Amino acid sequence: MVQQDEDTSVEAVFDRYADRPALRQRDGEVVTDTSFRELRDRARALAAVLGETVSPGDRIAVLGPPSADVVTLELACSVLGAVSVPLQSSAPVEQLRAIVDETTPVWLGVTADQTGTAQAVTDVAAAEVHTVLLDTDDTDDTDGTAALPALADLVARGRALPQPTPWRPAPDEDPLALLLYTSGSTGTPKGAMYTRSMVERLWHALPPDHPDAVTVGYAYLPLSHLTGRAALLATLGRGGTVALATSTDLSALFEDLRVYAPTELVLVPRIAEMVRQEGAREEQRRLAAGAAGAAGATAATAATDAAAVRAQVQEDLRTRAFGGRVAQAVCASAPLTPELRAYLEGCLGIPLHDLYGSTEAGSILRDGVVQQPPVTEHKLVDVPELGYRTTDRPLPRGELLVKSTAVIPGYFRRPDVTAAVFDEDGFYRTGDVMAQTGPGTYEYLDRRNNVIKLSQGEFVAVSALEATYGGTPEVRQIALHGDSRHAFLVAVVVPADPEATEGDLLAALQRTARAHGLAPYEVPRALVVEPDPFTVDNGMLSDARKLLRPRVTARYGDRFAALYDAVTEQQSGTLVATLREHVGDEPTVDTVVRAARDLLGAEVSTESASAARFSDLGGDSLSALTFSGVLEDVFETEVPVGVITDPTNDLAAVAAYVDRSAADDRPTVTRVHGADPTVLRATDLRVDRLLGEVPTPVARAPRDPSAPPRTVLLTGANGYLGRFTAMDWLERLAPVGGTLVCVVRGSDDAAARRRLDAAFAADPAFAARFAELSGSLEVIAGDVSEHLLGLDDPRWRELAARVDLVAHAAALVNHVLPYTALFGPNVVGTAEVIRLAIAAGSVPVTFVSSVAVAGGARPSATEDVVPDAPAALDERADVRTTIPEWTVADEYANGYGASKWASEVLLREAHDEHGVPVAVFRSDMVLAHPRWRGQVNLPDVFTRLVWSVLATGLAPATFVQRTPDGRVQRSHYDGLPADFTAAAIDAIGASVVEGHRTFNVVNPHDDGVSLDTFVDWLVEDGHAIERVEDHAEWVDRFRSALEALPDEDRARSVLPLLHAFAVPEAPHAGSAIPADAFAAAVRAVRPLGAPAIPSLDHALITKVADDLTFLGLLRPAATTAR
């Protein structure tokens, strides 16, 4: 930086460093320098000639890359007080014509390769434009340039003329000196105005070097780009030397750097990628050369060797690619991925600093820290249409606005556009979305115009994704495309290997996506293979090597549309028809794998895919539903969604299920209810219809039915409520030498045990207590939805011979999937439990149902009935009478409620026809466990809501309808602690040794404890929560904040269930569901030693937030009130 009274003029710089080399050029290995004095004298001589036609304030345009002549012409502008207008070499002629018409330059400097463009522009210009040829002494007319004067000739003539005195404005004036036109990467170019003082500050942006310092910069970025101009001027401004790039296409980049050996380097992402690709090719060459000698190496040795080769290549690149002297390096234009940054730092051997700024605002951030100066003020503002708000948690997010001494006063002759980029307080709108990570620190998220919204509501930051995919070795360049009409992305890829196919590239992109944990919708499903690289010359890149997105859309728009059409067609009947052709001609697993790959667009081998889970290939529960339908159409057998989404099942296991289903006479929805049922009838659900053959009881030792059970079979022990049920039963059985048998999915008993252990692992104390009681535990690998629970006949019969009670808590809990998808795991699973209970001598069954069965009270899909209608949930009524039919509909939880209703009907049949004692427990919300840490039910609506409110810091003023005069009403929330729920079900269930009993496990108290109360308690605990007075406004802001969350956070939020909170709920005076029988049973058995159903208290809600923090899903509250 310069001292306050120091002469800041450009002339002073040249006087100070007159004998130092200013510019450096090379021809092969021959390097020549131009001193500051020589450069100044050339510029003055040129100014002497140009001054004959140029006055202060006139414009001089330049079309060409950084060169000695271009710098000379720029300096002549300064001498004359003219305005420099550097033009983008990559801009189409139409844009250049518009700029020339707007700026009316007197002169245009042009390199020989741009003379055709220059002529096309100047021939139709409104005013005469003199043209001068740059960087050539060739007078040959073969290229049509003989009629143009060369700059060298003008300099020669000017040396004989009186040398002009450098022009200076009046002390109170700061006239225009430079017009930088934006690249048009997001629209029409605009001329950013730089005044004379602003340009002089670019010369003095860095402090002067030590007199003995050797500073060499490398100029390859165009002077029409602020980064390129600022780097060149800052180097000259402190007496350094600017080494000029030899070629405009950067083909000589590495040779230039080797010869010049710069001490400072400014990188942009495209150049960083070139370095990595150069290194990757060399690594592959060296590894291939050493492969023969390492044929017997272990995987660990091979990995070590690969790391060693990379280190060697990076060290070689330090000299071969960078010249070996780089002491300071920065990256500008756009942020690098962490992997690419680390790779470049390994090559350079020094930290790589990240600079963020813009043409309009200059330098703003260095390594995320606001640069003050030049920035004087900064702030974030909401971008509601993209879901970014300054109230977002854990970090405020929004568009960055700044005030700075480097901010332009506006755009040339564009007052309308100028007004749009400044807010009412004079802050410049950067157009970039940032997260504020601390006081004066920000993290770049994406360009506001580079965030797109897909049809399912997901926001995708395409430029950040392109940077990630750019690290794929098989990819040279990539451009992503998406829109709000489609649910996935497509792409244009320039491959590193010209022979690469679309399949090769899709597989490579999917590998990168898996390595970076990208969401399925962030992975291109189809692509265009483009053999020709994106370049400045073909108009796909700006002069600063930025992708020009409008031109990508214009060039490939029709092909993108064709890709979308092809993928859509492939996912419909075409896929089924194609797969049917292979049934019978290939193993089932091959067809299943082919179906998954084609449906999901996954490019993996059959062998790899068969060992992968459906989710590993990018599938989710909804695509699993589609996949289930495809398999059913192809194999003509039902494949439940639960089989596909089961985390223990790979595609080979799914194929095995298909084979078993085809061979077995398994119950299906069609066989039980008919084809495509719209109404389910209780009379359809008969035990013999689902079991086929009702088993004969096995021989077993006599037992007293009234005695407490000593061997209990528990299903669903690794589920949320199931783990507490398991612990409660172990606490009961261990003292009396009893046994808890848990059926858990797994490849074998050991795998099943590991899966069960994982359910207790979050809290070490919980896991330790579980381990202490494991002497009374037996874990069997099985599946409740499979015939005989997935066991062989001898083992199943041995189990039936000793089980005293079956506690059935297993279910696929999914409120989106239809009944057909839940029939297998939930309804058939219950039938298999009944089969075992009958074989065991009609031992009691304890069944965990749901209050969702009340949904069956709707007589039709079009008629509204309160879903928690008390009559439907009468604890003493027969469910077959209260809900004789179930209307299939698309409403939330219809399928899940139907599966629980069907299970209850089957259990009624089992009691009536086979004497099985049954205790049905219709549970509502099961909240946190008061004792064990981290025990919250993450998928349920309550936990999602609490997490979402805490993560966004937004809640409505009230969740409840107000009175007509606007007062907040008292209400109630129906939920129970997990420990009480498990203990009550176990104790009451064990007491039901005859008959059929139903209990509604709800919180009946009219206690005024509601969602509003929970928010009050969380605020008391120190959580920052804004209460939004208008409910509709809260919904809108809440949705926007949730949609803007990272994928993993959005998935755990309440966003999919937000419709449940779209309007305030009616006030509740206790539970609307009758619970007299449950309350009486609690008084009788005293679960946890208490005779009453507990109310929810502050401590439990505090623990919910604490558990979310303990699990790493929330930041701790600022203060703790309790």
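**Chat about the chain, helix α7 and strand β18**

Trainee: How many helices and strands are in the chain?
Mentor: The chain has 38 helices and 37 strands. Keep in mind that this is a predicted model.

Trainee: And what does the C-alpha trace span along its principal axes?
Mentor: About 125 × 75 × 55 Å. The chain has 1122 residues, and 55% of them count as buried.

Trainee: What about the accessible surface, how much of that belongs to carbon and sulfur atoms?
Mentor: 51%, out of about 45,200 Å² for the chain.

Trainee: OK, on to α7. Is that helix mostly covered or mostly open?
Mentor: Mostly covered: α7 runs over residues 196–203, and 6 of its 8 residues are buried.

Trainee: Which ones?
Mentor: Arg196, Met198, Val199, Glu200, Leu202 and Trp203 are the buried ones in α7.

Trainee: What do the buried residues of α7 pack against?
Mentor: Helices α1 (10–16), α3 (68–80) and α8 (226–237), plus strands β7 (176–181) and β8 (191–195).

Trainee: Switching to β18. Why is that strand largely enclosed?
Mentor: Because 8 of the 11 residues in β18 (residues 428–438) are buried, the rest of the structure largely encloses it.

Trainee: How does β18 pair with β17?
Mentor: Antiparallel, over 5 bridges, with β17 covering residues 397–404. With β19 (residues 441–447), β18 is also antiparallel, over 6 bridges.

Trainee: What stands opposite Val433?
Mentor: Glu399 stands opposite Val433, and so does Asp446 in β19.

Trainee: And what's in the turn between β18 and β19?
Mentor: The two strands form a hairpin with 2 residues between them, and Gly440 in the turn has a positive phi of about 75°.

Technical notes. Residues numbered from 1 in each chain as written. Predicted model: local features only at pLDDT ≥ 70, side-chain atom pairs only at ≥ 80, totals over all residues. Heavy atoms only, no water. Buried < 20%, exposed > 50% of the residue type's maximum accessible area, 1.4 Å probe, protein only. Helix = DSSP H or I, 4+ residues; strand = E, 2+ residues; numbered from the N terminus. Contact = heavy atoms within 4.5 Å. Pairing = 2+ DSSP bridges. Areas by Shrake-Rupley, 256 points an atom, 1.4 Å probe, with all protein chains shown as cover.
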